[in-house]
Amino acid sequence: MTDPSSGDPNGSPASAPDGGSPTDGGPPADGGSPTEASVSTDATAPTDRAAPADDGPPIGGDSLPRTVGSAVGVGVLGVLAYVAVSLVFAQVGQLVGGFSLGVSLALSLVVGQYVAFVGTGLAYLRLRGFDRARIVAYLGIERPSLLGLVIAVVGAVATFAVALTLSAVVASSGVEPAQNQGAAVAMQNPAIIPAIVLAMFLVVGPCEEFLFRGVVQSRLRESLPAAPAIVVASAVFAPAHVISLSGGGASGVAIAIGLLVFPSLLFGAVYEYTGNLVVVALMHALYNSILLSLLYIVIAYGPELERAAAAGAALLPV
C-alpha cells in the first residue's frame, strides 16, 4: 500500500531500480544486500507489506479464495469477539447491580475494543508466525510525516463534508436511518462527549483501523489489487457496526450501514496511499470527533446559535 508516485509521503523507499522484489533473490542495482531492496510501488498489482527479511514465513503465496476467506474471517471474528466481551460485561453488570455510565463506556470502548479488535488481529498475525518487528512493518506502524498529518486532517474534513451531504439527502427522502447507540448516549449525557472524543484518538481510531485496515486490508492486498481490496475491507467494516445500531427497522439499519461505506472506502484509500496505519487511525478519530463536536455544540449551544442566526438574518439587506 504505497504511493504510486516517486515516493511514499511517509518516507517509505521507492521501487528497486531493477524492479525486483526484496525476496526474489536478485541483487539490487546498487550492489547492496538483497534485503535492502524495496517492494514495488505499483498500486495496481497485489503487493506484500514490506516486512523485515527474517526467518519468519513468507508473506503471500496463498490462493485468492484462501486469502479473501481468511481476511474476511478475521474481521468477522473480531466483531464476534467484541459481542462476546460485551455480553460478559453485561452479565457482570447484572451481578454487581449495574455499572455507572463512565465504567460502562470504559469497559465497552477501552477493554472491549482492545481485547476484541486488537487482540483478534494480533492473535491472527502471531498464528501466521509474525514477530513484533514483522507486525509493525506489515501494518505500517510508524510516525507520520507532515504530509501524512495533512492528509489525515484534510481527509477527515472531506469525509465529514460528503457524509453530511449524503445524510441530508437521506433525510430529505423521509427515511429514518438507525441510530448509533453511542451517539444516543452522548445526546442524553452531553457532558461525557469530551471524554468520548478523547477515546476516539486513544481507542476507537487505533483499534478499528488496526483490525479492518491493518490486518484485513493488508491481508487482502497479498492477492488482490488495491481497489477490490479496499472494497472488500469496507464491506467487512461497515456491516460490523450493526451491533451498535438501534431503531429504524431493517431499512433503517441498511441505510445506516450504507452511509458508513463511504467513510470506510476513504479510510482504505488513505491507508493504501500512505501505507501508514497511524495516519488512517488519526483520520478516523478526527472524523468521528468532528461529528461528536458538532453534536455537542448543537446540544449545548443550540438556543444561543438560533438566536444569533435570527439576529444575523435581521441584518441581511432586503
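**Close-up views of a predicted model**

The accessible surface of the protein chain in this predicted model comes to about 15500 Å², with 70% of that area belonging to carbon and sulfur atoms.

**View 1. The overall chain has nine helices and two strands.** Starting at the N terminus, the elements follow the order α-α-α-α-β-α-α-α-β-α-α. Of the 318 residues, 39% are buried. Among contacts with a separation of 6 or more, 80% join residues that are 24 or more positions apart.

**View 2. Val88, Val92, Leu95, Val96, Phe99 and Val103 make a nonpolar surface patch of about 530 Å².** Helix α1 (residues 64-95) gives the largest share, three residues. Look for Val103 in helix α2 (residues 101-127); its relative accessible area of 36% makes it partly exposed.

**View 3. Tyr82 and Phe117 form one of five aromatic pairs in the structure.** Their ring centres are 5.5 Å apart and their planes meet at 20°, so the pair is stacked. Because Tyr82 belongs to helix α1 and Phe117 to helix α2, the pair ties together parts 35 residues apart in sequence. Both rings belong to buried residues: Tyr82 has a relative accessible area of 13%, and Phe117 has 5%.

**View 4. Phe130 and Tyr138 make an edge-to-face pair.** Here the centres lie 5.1 Å apart with the planes at 80°. Phe130 is buried at 1% relative accessible area, and Tyr138 is buried at 0%. Arg134 joins the scene over the face of Phe130, 5.0 Å from the ring centre.

**View 5. Ring pairs link Tyr82, Phe117, Phe212 and Phe237 into a cluster.** Over the ring of Phe237 you will find the charged end of Arg213, 4.5 Å from the ring's centre.

Methods:
Residues numbered from 1 in each chain as written. Predicted model: local features only at pLDDT ≥ 70, side-chain atom pairs only at ≥ 80, totals over all residues. Heavy atoms only, no water. Helix = DSSP H or I, 4+ residues; strand = E, 2+ residues; numbered from the N terminus. Buried < 20%, exposed > 50% of the residue type's maximum accessible area, 1.4 Å probe, protein only. Contact = heavy atoms within 4.5 Å. Areas by Shrake-Rupley, 256 points an atom, 1.4 Å probe, with all protein chains shown as cover. Patch = residues over 30% accessible without salt bridge, like charges linked within 9 Å, V, L, I, M, F, W, Y side chains within 5 Å. Salt bridge = Lys/Arg side-chain N within 4 Å of Asp/Glu carboxyl O. Phe/Tyr/Trp six-rings, centres within 6.5 Å; stacked < 30°, edge-to-face > 60°. Lys NZ or Arg CZ within 6 Å of the ring centre and 35° of its normal.
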